[in-house]
Amino acid sequence: MSDAAPTTVPLAAPASILPEVPRLPDHLVDQLAFPHRGAYKEMVKAFRDAGFELCSDLCAVDYLTHPGRSLPEGVRAERFEVVVNLLSLSMRQRVRIRVQVPDSDPALDSIVDVYPGADAMEREAYDLMGVVFTGHPDMTRILMPEDWEGHPLRKDYGVGRVPVQFKEAPGPR
Amino acid sequence: MTEHDEHGHEGPEQPEEVELSDERFVELESEVAARHEAEERQLVAETSEGAQELAPRKSTSAWELRQEVGAVLRLPEGGYVDPSDIDVEERDDQTMIINMGPQHPSTHGVLRLMLELDGETVLRTKPVIGYLHTGMEKQGEELTYVQGSTNVTRMDYLSPLNNELVFSLATEALIGIELPPRAVWIRMLMSELSRVASHLMWMATNGMDLGSTSMMIYGFREREMVLSFFEKTTGLRLNTNFIRPGGVAADLPDGWEDDIDVLCETILARSYEYDELLTGQPIFRERTEAVGSLSAEEALALSVTGPILRSTGVPWDLRRTMPYLAYDKVDFDVIVGKYGDNFDRYSVRLNEIRESIRIVRQIAEMMPPGDYRVQDRKVTPPPRARIDESMEALIHHFKIFTEGFRVPEGEVYVAIESPRGELGCYIVSDGTSKPYRMHIRAPSFVNLQALPLLLRGGLVADAVAVISSVDPVMGEVDR
């Protein structure tokens, strides 16, 4: 599979570079790829052309309070990480693409025109994590109300900042 | 008529006749018109839905219109369609935008749809979701791995055991423990029964949406049998929290084989009664055949999985293609359709019930003896009896239920075949006893994207049937 991937981006072999990556006893080991932000979309396209027909998942992770995660050499850890899971039905294989997205400019190319199915997932990632996908036709909130402030899944989101009013205990009847 | 009534008609409500000059009348009229216009503007501006609202055609960008048409879908040979090459019809004058839901009984929960209609024909559809969003992914970061399965079980409330299963598999993959065979097989048994219950529920609601009330009653009746077995085994009918990291919560109850026997026999026999009730019935076929068709390419492009993908003819079932648990040791068929219409989705699900029962029978035969959970005191609590006699057991018990167990640092994505499609769980661990990030890839959420395409060009009367055939569970869509 590695020969089909673009040569300009580092494609990590999970076993050698990331010994921490867990293996499932009876699963195929997922392949991991760590493209730079600029090369991300090209890589997704390359994988699509290499036979990964389905974008099974896209989500974002906020590494604010856990910066010291293991990444292959040459990949600079940033606050956000967008994780894309691609699935090849013909090869029965999965690949997981992890892109670093900095806090100062949380934006990433949208892959909606490569995988139309990523539409709702990108909107979800934007809604809950605040990563903007440039080129997405409808970058709006999907789960939270339209006028909501903040992105709930961020680690610095104030849980409990909305005061909850408790009623007094009901008196004796 | 009484005197009192007659008097009641008189009173201060009588409108006063005021003479208006012509100029004043024109002035008033234009004032009213201006106010109406302002109100209309404000109506649009004040909706909190903002861009989620289905805007009129003239204020929608051509890109968006084309996307709703499905023009950006990939072509089978892997090429793109340039969206600017496609003409979007200009027929603003005849169309009407109506709102359906979120309280509509046929949207299976709180799904809201904006539909653009041209007479009886549906042109554009926009699903608006989020009415049931409860922040379960955020909550998952606050709960330990021990408590986590209680949280995820509430997502897809029609097949809760599958949610627990995927969460447990992900956690176990991070810890790197191997389960005793009996735990694996019990999990498989429960997961398959859960599929049967979920598909029966779907048969019931789909029958209901198409006007077959008897199917609804039958579906619920048979599902209740499965739920009774769940209750006997796990203590609860729904949200069982039975499959936990490290195994399952309890062993199967005495005499479970007999229950399974009765259950399989009854449901299998009755599934052929459904054939008589629905499959061969002309009205049902008229309303389902060639309604809401989807091609395999479209389904793949839109990331659709599960029975909807299989109904288009793609034999993709994770139980077969990427086996987890012990699915490679049982014999079953992957059911595929051909046309991807409502009828194919119906028959795929109906036949999957039969296949699941076939699997359940094999599991009952091959159920290995042994332990139902891993005997690792760092992961699972000690047996109750040990706590009375061993201080160490007490400490382990206390530790597991207060702080939980530590999971090594790492990240993992595990996917299983839930009744609705690929149910994935992505967990990032930072080495503590709580997931750093827990993301669930919800099949209903993703499958819902196909709805605009399925509904397009169909009749509004079929919309209800098509929504039902996608089988969205809003608890999972919104999480």
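This text walks through a predicted model, from one chain's overall make-up to a helix, a hairpin and the nonpolar core.

Start with chain B. Its secondary structure comes to 20 helices and 8 strands. The chain has 479 residues, and 49% of them count as buried. Its contacts reach far along the sequence. Among those between residues at least 6 apart, 68% join residues at least 24 apart.

Now look at helix 3 of chain A, residues 118-129. Its length can be checked by simple arithmetic. At 1.5 Å a residue, its 12 residues should span 16 Å, and the end C-alpha atoms are 16 Å apart, so the two values agree. The helix is largely enclosed by the rest of the structure, because 12 of its 12 residues are buried. A residue counts as buried when 20 or more other C-beta atoms lie within 10 Å of its own. The buried set includes charged residue types as well as nonpolar ones: Asp119(A), Glu122(A), Arg123(A), Glu124(A) and Asp127(A) are among its members, as are Ala118(A), Met121(A), Leu128(A) and Met129(A).

What do these buried residues pack against? Within chain A, they meet strand 2 (54-62), strand 3 (80-88) and strand 6 (132-134). From chain B, helix 17 (443-447) joins them. Gly130(A) follows the helix, with a positive phi near 80°.

Return to chain B for a hairpin. Strand 6 (residues 410-418) and strand 7 (residues 421-429) pair in the antiparallel sense over 9 bridges. The hairpin they form has 2 residues between the strands. One bridge links Val414(B) to its partner Cys425(B) in strand 7.

Is strand 6 of chain B mostly covered or mostly open? It is mostly covered, with 9 of its 9 residues buried. Both faces are covered. Gly410(B), Val412(B), Val414(B), Ile416(B) and Ser418(B) lie on one side. Glu411(B), Tyr413(B), Ala415(B) and Glu417(B) lie on the other.

Ala170(B) ties into this hairpin. Leaving aside neighbours within four places in sequence, Ala170(B) is in contact with Val412(B), Val414(B), Cys425(B) and Ile427(B).

That residue leads to the core. In soluble globular proteins, nonpolar side chains tend to be buried together. Here the largest nonpolar core holds 165 residues. Those touching the most other members are Val82(A), Ala125(A), Val131(A), Ala170(B), Ala299(B) and Ala450(B). Helix 7 (residues 181-209) of chain B gives the most to this core, with 16 residues. Ala125(A), from this list, is also one of the buried residues of helix 3 of chain A.

Terms used:
Residues are numbered from 1 along each chain as its sequence is written. Chains are lettered from A and ligands numbered from 1 in the order in which they are written. This is a predicted model: local features need pLDDT of at least 70, side-chain atom pairs count only at pLDDT 80 or more; totals for chains, interfaces and linings use all residues. A nonpolar core is a set of buried Ala, Val, Leu, Ile, Met, Phe, Trp, Tyr and Cys residues joined through C-beta atoms within 7 Å. Helices (H or I, at least four residues) and strands (E, at least two) are DSSP runs, numbered from the N terminus. Two residues are in contact if their C-beta atoms, placed from the backbone, lie within 7 Å. The expected span of a helix is 1.5 Å times one less than its number of residues. Two strands pair if DSSP finds at least two bridges between them.
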